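Let's take a walk through this fold together, from its strands to its core and on to one charged side chain. Have the model open beside you as you read.

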Amino acid sequence: AYLRSHDIATDTAFDGCEALQRIHGQAEPYDIVMLDMQMPNLDGKETVEAIRADRRFDGVRLFAVSGTDPESLGLPIGAQGVDRWFPKPVDADELIACMLADLRHQPA
């Protein structure tokens with residue numbers, strides 16, 4: 001609701017498996033995918049790796065949300081991993097500012 005109140009369209013998935021189904025089912029790729037790193041069935045790290053392995057999603061920005069740090073999960077920050085890491089509890093204003101900044105810099 002907070003993202004939508006800032007005119008950011010959202011979609012949700014229960015876990016990494018459902019997230020991948022939704023990502024693959026889109027005619028146009030999402031601009032940003034925000035993932036909790038501790039999801040059931042397929043965790044955040046595995047979901048990130050699956051998205052990064054598919055060249056169709058090269059332009060998708062991945063935002064991670066976690067109570068742990070990226071080093072403990074062995075997940076790089078950058079093109080091979082997540083673009084941004086947000087520790088829990090998430091600063092909602094910082095998240096919105098980063099999303100809006102990234103969306104403004106997306107190629108048309």
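β1 and β2 run parallel to each other, paired over five bridges; here strands are DSSP runs of E with at least two residues, helices are runs of H or I with at least four, both numbered from the N terminus, and pairing takes at least two DSSP bridges between two strands. This is a predicted model, in which local features need pLDDT of at least 70 and side-chain atom pairs pLDDT 80 or more, while totals for chains, interfaces and linings use all residues. Residues are numbered from 1 along each chain as its sequence is written, and side-chain values use heavy atoms, without hydrogens or water.

Across the pair, Met-34 stands opposite Phe-63 in β2. Five of the six residues of β2 are buried (under 20% relative accessible area, 1.4 Å probe, protein chains only), so the rest of the structure largely encloses this strand.

Now look at the largest nonpolar core, a set of buried Ala, Val, Leu, Ile, Met, Phe, Trp, Tyr and Cys residues joined through side-chain atoms within 4.5 Å. This core has 16 residues, and Val-33, Leu-35 and Ile-51 are among those with the most contacts inside it. At least two core residues come from each of α1 (16-25), β1 (32-36), α2 (44-52) and β2 (61-66).

Finally, turn to Asp-15, in the segment before α1. Asp-15 is buried but has no salt bridge, meaning a side-chain nitrogen of Lys or Arg within 4 Å of a carboxyl oxygen of Asp or Glu; Arg-22, the nearest side chain of opposite charge, is 8.4 Å away.

How values were computed:
Buried means under 20% relative accessible area, exposed over 50%, partly exposed in between (1.4 Å probe, protein chains only). Lys and Arg count as positive and Asp and Glu as negative; His and the chain ends are not counted.
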